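Hello,

Here is the structure I promised to pass on to you. Have a look at it first, and then read on for what turned up in it.

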Amino acid sequence: MTDVHVHLAALPTPANGCLLSGRMRNSPLARAIAWTQDLPMNDPETANKRYLERLEAELSRSKTVKRAVLLGMDGVYDSSGKLDESHTDFLIANDCVLAAAAGSERFWAGVSINPMRADAAAEAERCADLGAVLVKVLPNAQCFDPAEPRFKAFYRTLAKRGLALLSHVGFEFSLIGQDQSVGDPGRLRLALDEGVLVIAAHGCSTGLFVWEKYLGAMRELAARYPRFFVDTSALTLPNRVGALWRLARIPELRGRLLFGTD
């Protein structure tokens with residue numbers, strides 16, 4: 001089995017192209033990850049190496065999950081397609097993800113490309129040439145609407161190169177988010193219409209425990225599009241666990257559930 005939703009954690013170094021804002025570095029989330037994984041925040045090279053080694057060891061011990069798709073995280077881009085560092089909490093560079101997966105039997109590369117960036121289609125081509133298997137996006141934090149018609153060319157490139165689109169669904173609590181409405185799975189129809197295999201993360205749950213407003217949209221997408229899939233990432237968290245119970249009872253999703261942990 002392959003886990004399709006595993007975030008690559010990487011602190012910035014002079015060579016890896018990653019970014020981490022002061023707000024995120026000092027956040028409870030970052031501190032919790034560093035503490036639980038014994039990652040020295042003041043020694044990025046050691047922390048990054050240790051994270052990958054421990055993840056690989058965990059996969060080697062698993063009886064069911066033998067491979068993981070490592071995910072990057074692109075930043076926020078302005079209207080000219082240039083990276084806006086002031087609104088980017090963190091960035092896990094595609095080259096960092098590709099390097100971690102290169103030659104590995106345990107890892108596949110899941111790069112991240114904000115379609116707002118000026119070279120989005122070219123970056124998708126480049127990453128596909130280097131072995132990427134999917135593109136991860138988080139519209140809420142990357143500040144774009146997946147339904148914008150101007151992204152058609154980008155989606156066509158993904159379809160042409162066989163790159164799946166793994167998109168966050170629901171609300172986003174940890175990162176800067178300007179429009180929670182773009183976590184609606186219905187906004188992924190444009191990508192599906194252009195032939196992209198789409199994976200909706202988190203079981204299409206809102207992350208608000210008792211309020212699952214997207215279940216109807218998820219069922220409609222599953223019934224209409226054979227290339228629409230859903231992953232189970234983060235569904236064991238208290239705010240999403242209700243969705244896990246519901247997913248097992250939706251016949252339209254039979255054969256469309258992919259394993260993901262987040």
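**What is inside**

Please keep in mind that this is a predicted model. Let's begin with the core: the largest nonpolar core has 66 residues, and those with the most contacts inside it are Val135, Tyr155, Leu158, Leu165 and Phe228. Helix 4, residues 94-101, supplies the largest share of this core, five residues. Take Leu158 as an example: leaving aside neighbours within four places in sequence, Leu158 is in contact with Ala124, Val135, Leu163, Leu165 and Val196. Apart from this core lies another one, of eight residues, which include Leu71, Leu166, Ile199 and Phe229.

**Helix 4**

Since helix 4 has come up already, it is a good place to go next. Is helix 4 mostly covered or mostly open? It is mostly covered, with six of its eight residues buried. The buried ones are Asn94, Cys96, Val97, Leu98, Ala100 and Ala101. Among the elements that cover them are helix 3, strand 3 (67-71), strand 5 (107-111) and helix 5 (120-129). After helix 4 comes Gly103, which has a positive phi, near 75 degrees.

**A pocket to look at**

The second largest pocket has a volume of about 180 Å³. Its lining is made up of Leu8, Ala9, Ala10, Asn16, Glu45, Asn48, Lys49, Leu52, Cys96, Ala99 and Ala100. Two elements, helix 3 (44-61) and helix 4, give two or more residues each to that lining. Helix 3 gives the most, with four residues. Sorted by class, the lining has seven nonpolar, two polar and two charged residues. You will meet two familiar names here: Cys96 and Ala100 line the pocket, and both are also on the list of buried residues in helix 4.

**The sheet**

Finally, the strands. Eight of them form an open sheet in the order 1-3-5-6-7-8-9-10, with parallel pairing. Which strands are at the edges? They are strand 1 (2-7) and strand 10 (257-258), each of which pairs on one side only. As a reminder, strands of a sheet pair through backbone hydrogen bonds, either parallel or antiparallel. For a closer view of one pair, look at strand 8 (residues 198-200) and strand 9 (residues 228-231), which pair in the parallel sense over three bridges. There, Ala200 stands opposite Val230 in strand 9. Strand 9 also brings us back to the start, as its residues 228-231 take in Phe228, named above for its contacts in the largest nonpolar core.

Enjoy exploring it, and do write back with any questions.

Best wishes

Methods:
Residues numbered from 1 in each chain as written. Predicted model: local features only at pLDDT ≥ 70, side-chain atom pairs only at ≥ 80, totals over all residues. Heavy atoms only, no water. Core = buried A, V, L, I, M, F, W, Y, C linked by side-chain atoms within 4.5 Å. Buried < 20%, exposed > 50% of the residue type's maximum accessible area, 1.4 Å probe, protein only. Contact = heavy atoms within 4.5 Å. 1 Å grid on protein atoms, 1.4 Å probe; cavity = no way out; pocket = protein on both sides within 12 Å on 5 of 7 lines; lining within 4 Å. Points joined across faces, edges and corners; volume = space filled by probe spheres on them. Nonpolar A, V, L, I, M, F, W, Y, C, P; charged D, E, K, R; others polar. Pairing = 2+ DSSP bridges.
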